[in-house]
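Could you walk me through this structure in my viewer, one selection at a time? I would like to know what to click next and what I will find there.

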Amino acid sequence: MRLFRFLTLYMALLVGANAAMAADLATLQGLRDGDMKKLVLHSAPKPVSDKAFTLADGAGTGALADYRGKYVLLNFWATWCAPCRKEMPMLSALQEEFGGESFEVLTLATGRNIPARISAFFDEIGVDNLPRHQDPKQALARDMGVLGLPVTVILDPEGQEIGRLMGDADWSSDSAKAIIAALLSPGG
């Protein structure tokens with residue numbers, strides 16, 4: 001009898017969680033406008049790669065699991081990619097506005113990107129609030145199905161992919177900010 005009550009409660013919670021997730025997905029879908037229409041929001045979270053990447057200035061390695069507990073806007077980019085370079089100041093502004101305990105913009109230069117060029121580029125555009133991490137052999141990018149650049153992936157606090165935008169986007173748009181704000185709102 002006790003097991004039956006537990007299973008009933010579990011199923012009720014599961015159904016409620018799925019209904020809440022569907023409502024949240026519908027809300028987020030409704031906020032997509034302009035470039036954000038390219039943002040594909042998944043109906044269910046997807047696992048991400050556990051491949052390591054190189055921390056800025058060769059300070060060791062990191063993994064996406066290190067960012068659990070917050071929403072992460074993970075941007076795969078390269079110094080030679082013009083659209084990537086165009087996006088970087090907008091990503092910096094998102095980090096400035098929303099960054100903190102609940103949200104972080106994580107930039108990951110994938111492929112052959114000389115650390116000195118990454119630093120010079122960040123200095124040139126005045127970005128000092130984004131990481132200069134690297135995926136030099138594209139192991140993480142390949143494992144996550146990144147076939148071109150830029151690609152931006154949104155991770156939930158459990159460290160799972162909930163959305164993906166291929167190509168560049170206006171991350172300073174009202175739509176982009178509304179999506180991030182909705183994610184960070186209670187129940188988001």
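## A tour of the aromatic pairs

Start by selecting Trp77, which is buried, with a relative accessible area of 0%. Keep in mind as you go that this is a predicted model.

Next, add Phe121, which is also buried, at a relative accessible area of 3%. A search of the whole structure turns up four aromatic pairs. Trp77 and Phe121 form a tilted pair, because their ring centres are 5.6 Å apart and their planes meet at 40°, and tilted covers the angles that are neither under 30 degrees nor over 60. Colour strand β4 (residues 71-77) and helix α3 (residues 115-125): Trp77 lies in the strand and Phe121 in the helix, so the pair ties together parts that are 44 residues apart in sequence.

Now select Phe98 and Phe103. Their ring centres are 6.2 Å apart and their planes are at 75°, so this pair is edge-to-face. Are these two residues buried or exposed? Both Phe98 and Phe103 are buried.

Go back to Trp77 and Phe121 and add Phe122: ring pairs link these three residues into a cluster.

Finally, zoom out and switch to cartoon view. The chain has five helices and eight strands, and from the N terminus they run α-β-β-β-β-α-β-α-β-α-β-β-α. Of its 188 residues, 42% count as buried. With a surface display on, you are looking at about 10,000 Å² of accessible area, 57% of which belongs to carbon and sulfur atoms. If you draw the contacts with a separation of 6 or more, 73% of them come from residues 24 or more positions apart.

Methods: Residues are numbered from 1 along each chain as its sequence is written. This is a predicted model: local features need pLDDT of at least 70, side-chain atom pairs count only at pLDDT 80 or more; totals for chains, interfaces and linings use all residues. Side-chain values use heavy atoms; hydrogens and water are left out. Helices (H or I, at least four residues) and strands (E, at least two) are DSSP runs, numbered from the N terminus. Buried means under 20% relative accessible area, exposed over 50%, partly exposed in between (1.4 Å probe, protein chains only). Contact means heavy atoms within 4.5 Å. Accessible areas come from the Shrake-Rupley method with a 1.4 Å probe; for residues, only the protein chains shown count as cover. Rings of Phe, Tyr and Trp (its six-membered ring) pair if their centres lie within 6.5 Å; planes under 30 degrees apart count as stacked, over 60 as edge-to-face and the rest as tilted.
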